[in-house]
Amino acid sequence: MYHIAVVEDEIECSRQIQAFLKQYQEENGVCFKVTVFEDGAQILEQYQPVYDMILMDIDMPGMNGMDAADKIRQTDQDVVLVFITNIASYAIRGYEVGALDYVMKPVNYSKFSMRLTRALKRSRARDSGQIMLTLPDGVKRLEAASIYYVEVQNRILHYHTKEGTIEVRGTLQSAEQMLSAYSFVKCNHWYMVNLKHVTEVKKNTVVVGGYELEISRRNRTPFLKALAEYMGGFR
């Protein structure tokens with residue numbers, strides 16, 4: 001599943017882009033989670049690098065798309081940026097903030113679809129992203145997709161993976177920040193689960209990678225919501 005942000009102040013244009021995204025899903029068998037923002041300032045509020053792609057209007061009141069993209073790049077170098085604009089000269093500046101492409105208004109589905117296909121190819125690298133773990137005797141590169149879940153005990157993080165368990169010092173909060181872009185969600189105070197590997201949810205437990213973990217009462221609702229969105233909801 002790809003998490004796409006649409007940043008557009010014109011309501012009709014925003015609705016059209018959302019409709020195009022839905023059409024693209026149906027035609028190509030892909031799954032999007034779409035989050036909509038009305039301007040650049042709104043997406044920047046407590047921004048986290050959780051998006052695979054941002055479709056950003058440039059000419060918006062308040063903070064324009066170019067300034068918003070510049071601030072986003074300060075914390076997120078990987079997200080794919082595609083600008084939406086009715087002024088071609090703006091697109092040139094887009095490359096200064098690492099924009100992959102731009103779509104001219106009025107938005108045409110055929111051209112939008114072609115650019116979206118290109119952008120998705122770029123963002124796939126993020127789906128199989130890698131993280132670096134600091135070990136007592138060095139560092140280890142680890143595929144995020146290979147992690148079943150992360151467990152914390154006495155300030156030691158246990159990364160349960162397909163190849164075994166890796167232990168490093170740290171807090172679950174630090175692991176959460178590092179893995180936020182890869183669909184990891186807390187099921188209780190001690191465990192953070194990779195939704196990619198969830199195979200079953202029972203009354204108070206979740207099965208991930210063959211392990212059965214408790215879902216706390218406090219985390220149950222947000223955990224199930226995140227899992228439902230991951231499995232393919234479009235909103």
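Here are some notes on the fold, going from the whole chain down to single residues.

1. First, the status of the coordinates: this is a predicted model, so please read each point below as a statement about a prediction. The protein chain holds seven helices and 15 strands.

2. On overall dimensions, the C-alpha trace spans about 55 × 40 × 30 Å along its principal axes. The radius of gyration is 19 Å, and because a compact globule of 235 residues would come out near 18 Å, the two agree. Buried residues make up 48% of the 235. The exposed area is about 12,600 Å², with carbon and sulfur atoms supplying 47% of it. If you care about contact order, take the contacts with a separation of 6 or more: 54% of them join residues 24 or more positions apart.

3. Now the parallel sheet. Five strands make up this open sheet, in the order 2-1-3-4-5, and the pairing is parallel. Strand 2 (32-37) and strand 5 (101-104) sit at the edges, each pairing on one side only. Between neighbouring strands the turn averages 20 degrees, direction ignored. For a register check, strand 1 (residues 2-7) pairs with strand 2 over six bridges, in the parallel sense, and H3 is found opposite K33 of strand 2.

4. Helix 3 (residues 65-73) packs on that part of the model: the helix lies across strand 3 (53-57) and strand 4 (80-85). Its direction makes an angle of about 155 degrees with strand 3.

5. Next, the nonpolar interior. In soluble globular proteins, nonpolar side chains tend to be buried together. Here the largest nonpolar core has 23 residues, and the members touching the most others are I17, L21, F32, M53, L55, F112 and L116. Two or more residues each come from strand 1, helix 1 (11-28), strand 2, strand 3, strand 4 and helix 5 (109-127). A separate core of 19 residues includes A5, V7, I43 and M66.

6. M53 deserves a look of its own. Which residues does M53 contact, leaving aside neighbours within four places in sequence? The list is H3, I4, A5, V79, V80, L116, A119 and L120. One of these, L116, is also named with M53 among the core members that touch the most others.

7. Strand 8 (residues 147-153) is mostly covered, with six of its seven residues buried. Two antiparallel pairings involve this strand. With strand 9 (residues 156-161) there are six bridges, and V152 has L157 as its bridge partner. With strand 12 (residues 191-194) there are three bridges, and V150 stands opposite M192.

8. If you check backbone torsions, go to the hairpin of strand 8 and strand 9. Two residues lie between the strands, and N154 takes a positive phi near 50 degrees.

9. Last, the three-stranded sheet. The order is 13-14-15 in an open sheet with antiparallel pairing. Strand 13 (198-201) and strand 15 (211-214) are the edges, and each pairs on one side only. The twist from one strand to the next averages 25 degrees. Strand 13 and strand 14 (residues 205-208) are joined by three bridges, and E200 faces V207 of strand 14 across the pairing.

Conventions:
Residues numbered from 1 in each chain as written. Predicted model: local features only at pLDDT ≥ 70, side-chain atom pairs only at ≥ 80, totals over all residues. Heavy atoms only, no water. Pairing = 2+ DSSP bridges. Helix = DSSP H or I, 4+ residues; strand = E, 2+ residues; numbered from the N terminus. Axes fitted to C-alpha atoms, helices over the stretch in contact; angles between N-to-C directions. Contact = heavy atoms within 4.5 Å. Core = buried A, V, L, I, M, F, W, Y, C linked by side-chain atoms within 4.5 Å. Buried < 20%, exposed > 50% of the residue type's maximum accessible area, 1.4 Å probe, protein only. Rg over C-alpha atoms; globule rule 2.2 N^0.38 Å. Areas by Shrake-Rupley, 256 points an atom, 1.4 Å probe, with all protein chains shown as cover.
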